[in-house]
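Subject: Structure handover

Hello,

Here is the structure I promised to pass on. Please open it beside this note, and then read on for what turned up.

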Amino acid sequence: MTLKGLDVLVVGGGVAGLASAAALAQRGASVRLLEQADGFREVGAGLQISPNGARVITALGQGAALAEAAQRSRAVVLREGARGGDLLRMALPEDGPGFHLIHRADLIAVLEGALTGVEVQFGAAVGSVSLEGARPSVALGCGARESADLIVGADGLHSALRPAVLGAAPAAPFFTGQVAWRALIPAEDGAAPEAQVFMGPGRHLVSYPLRGGTLRNIVAVEERRDWAQEGWNHRDDPAHLCAAFAGFGGPVPGWLGQVQEVWLWGLFRHEVAARWHRGGAAIVGDAAHPTLPFMAQGANLALEDAFALARALEQAKGLEAGLASWQAARLPRAKRVIQAANRNARNYHLRPPLAPLAHLALRLSSRVAPDAALRKFRWIYDHDVTAT
C-alpha cells in the first residue's frame with residue numbers, strides 16, 4: 001500500500017520513536033511525533049550499536065552522521081575481575097556496517113537528522129488511549145485529543161499504548177535479583193575504542209570510551225536480594241558502587257575512584273507483548289519487548305522494529321495486513337534475542353568451581369578460535385531488515 005496520505009502519530013521521542021517517524025515519513029506518510037519532555041534532552045549514557053542497527057541508521061540516510069558521532073569499536077575484551085587479566089579478545093570487523101560506541105544523546109541527534117517533514121510536538125504527555133471508533137486517538141495532559149490512521153507507541157518501558165494494544169493490563173514484571181549502576185568519567189589518554197567486560201562472582205562491569213575518547217562509560221551489575229526501583233534515573237552514592245566491586249583489579253579501582261555521580265536501577269524482566277498491534281495502533285521497541293542489557297540490543301531491536309514496520313506497511317495491501325505481517329516477522333526474533341541476553345547474564349556471573357573452568361575455556365579459545373564467541377551471535381549481527 002502507498003503510505004502517501006497515511007496520517008501517523010508517533011508517541012515517544014527516543015530511539016524507537018525517532019526511527020519510526022523517520023522511516024514512515026521517508027515513505028510518504030504524514031507523521032507527527034509527540035514527546036512529553038520539553039526537548040530532546042542530553043540524557044542517558046553509552047550505547048553500543050551493532051551492525052544490525054547500523055544498517056538501519058544508514059538506510060535512514062544517517063550513516064555519515066553515525067560515523068562522525070560514534071567511535072567504531074575494534075574489539076570486545078572479556079577480562080577476569082579480580083586480577084583484571086585478559087581472558088578472550090574478540091576483534092571486530094574493520095569493514096562493513098561495524099560496531100559503534102555512542103552516547104545516547106548523540107544517537108538521538110543522529111536520528112533527528114532523518115526527521116525531514118516530521119512535525120514534532122514537545123511537552124505532549126499522553127494520558128489515555130482509545131482504540132474505538134474510526135481512528136485511534138490519545139488524550140494529552142493538556143486536555144487535547146489527537147487521532148490518526150496509525151498510532152505508533154514508542155513510549156518505552158511504561159508505555160501508555162501497551163495495555164491498550166494488549167487489551168488488558170500487562171503481566172507484572174519481576175525483579176531479576178540484579179541491579180545496575182551507570183556512570184560517566186573522563187577517559188584516560190589513548191583509551192582504546194573497545195568494550196571491556198570484567199567478570200566476577202555474582203557481578204560484572206562493562207566499560208568503553210565515548211565521544212572521541214573523552215569520556216568513559218561504566219555499567220556495573222551486581223546480584224543482590226535487595227529490591228531496587230526500576231528506571232535508570234535514580235541517584236546513588238558512588239561509595240556503594242565502589243564497595244560492590246572492591247575485589248576487582250586492573251583499571252577498575254582507578255575508574256571507580258573517579259566516579260562522582262552514579263545512577264542505580266533494578267533489572268526487571270518483562271514479558272514480550274503477545275500482540276504488537278490492535279485497532280490502528282502498534283507498539284515498538286521497549287514498549288513491545290523490554291530487554292535486559294546483556295546483549296546490548298535494546299536500541300538495535302528498536303531500530304529494526306521501526307524500519308521493518310515502515311517496510312511491511314509499504315509492501316502490504318492494507319494497514320491491518322501490514323501490521324500483521326510485521327508482527328509475524330519481528331516477534332520471534334525479539335524473543336530469541338532477549339533469551340540470549342538472559343543467558344549472558346548467567347555466563348558473566350559464574351562462581352567457583354564453574355568460573356575457573358569457564359575462564360580456562362575462554363583462554364584456550366583465545367588461542368585456537370578467538371572469533372568463535374562472535375560467530376555464535378552472527379544471527380543477531382548479520383540480520384538485515386533493510387535488505388530488499
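The notes below go from the whole chain down to single residues.

**Overall**

This is a predicted model. The chain has 388 residues and a radius of gyration of 21 Å. A compact globule with that number of residues would come out near 21 Å, so the chain agrees with the rule. The C-alpha trace spans about 65 × 40 × 35 Å along its principal axes. Secondary structure comes to 12 helices and 20 strands.

Of the 388 residues, 55% count as buried. The exposed surface of the chain is about 16400 Å². Carbon and sulfur atoms supply 52% of that surface. Take contacts between residues at least 6 apart in sequence: 77% of them join residues at least 24 apart.

On charges, the chain has 38 positive and 35 negative ones. Their mean positions lie 7 Å apart.

**Sheets and strands**

One open sheet is built from 6 strands. Their order is β8-β2-β1-β12-β20-β19, with mixed pairing. The edges are β8 (119-122) and β19 (277-278), and each of these pairs on one side only.

Within this order, β1 (residues 7-11) and β2 (residues 30-35) run parallel, joined by 5 bridges. L9 of β1 stands opposite R32 in β2.

Elsewhere, look at β18 (residues 262-269). This strand is mostly covered, with 7 of its 8 residues buried. Which strands does β18 pair with? One is β13 (residues 174-186), which runs antiparallel to β18 with 7 bridges between them. There, F174 stands opposite R269. Another is β17 (residues 234-236), also antiparallel to β18, with 3 bridges. There, D236 has V262 as its bridge partner.

**A covered helix**

Helix α2 (residues 51-59) is mostly covered as well: 7 of its 9 residues are buried. The buried ones are P51, N52, G53, A54, R55, V56 and I57. After α2 comes G61, with a positive phi near 85°.

**Backbone points to check**

Most residues other than glycine have a negative phi, and most peptide bonds are trans. Three places in this chain depart from that pattern, as set out here.

- R211 is not a glycine, yet its phi is positive, about 50°. The residue sits in the loop between β15 (203-210) and β16 (215-223).
- A296 is not a glycine either, and its phi is positive at about 55°. Its place is the loop between β20 (281-283) and α8 (298-315). β20 is also one of the strands in the open sheet above.
- The peptide bond from P352 to P353 is cis, with omega near 5°. P353 lies in the loop between α9 (319-348) and α10 (354-368).

Are R211 and A296 buried or exposed? The cut-offs settle this: buried means under 20% relative accessible area, and exposed means over 50%. R211 has 26%, so it counts as partly exposed. A296 has 25%, so A296 is partly exposed too.

Best wishes

How values were computed
Residues numbered from 1 in each chain as written. Predicted model: local features only at pLDDT ≥ 70, side-chain atom pairs only at ≥ 80, totals over all residues. Heavy atoms only, no water. Helix = DSSP H or I, 4+ residues; strand = E, 2+ residues; numbered from the N terminus. Buried < 20%, exposed > 50% of the residue type's maximum accessible area, 1.4 Å probe, protein only. Pairing = 2+ DSSP bridges. Rg over C-alpha atoms; globule rule 2.2 N^0.38 Å. Contact = heavy atoms within 4.5 Å. Areas by Shrake-Rupley, 256 points an atom, 1.4 Å probe, with all protein chains shown as cover. Lys, Arg positive; Asp, Glu negative; His and termini not counted. Charge placed at Lys NZ, Arg CZ, Asp CG, Glu CD.
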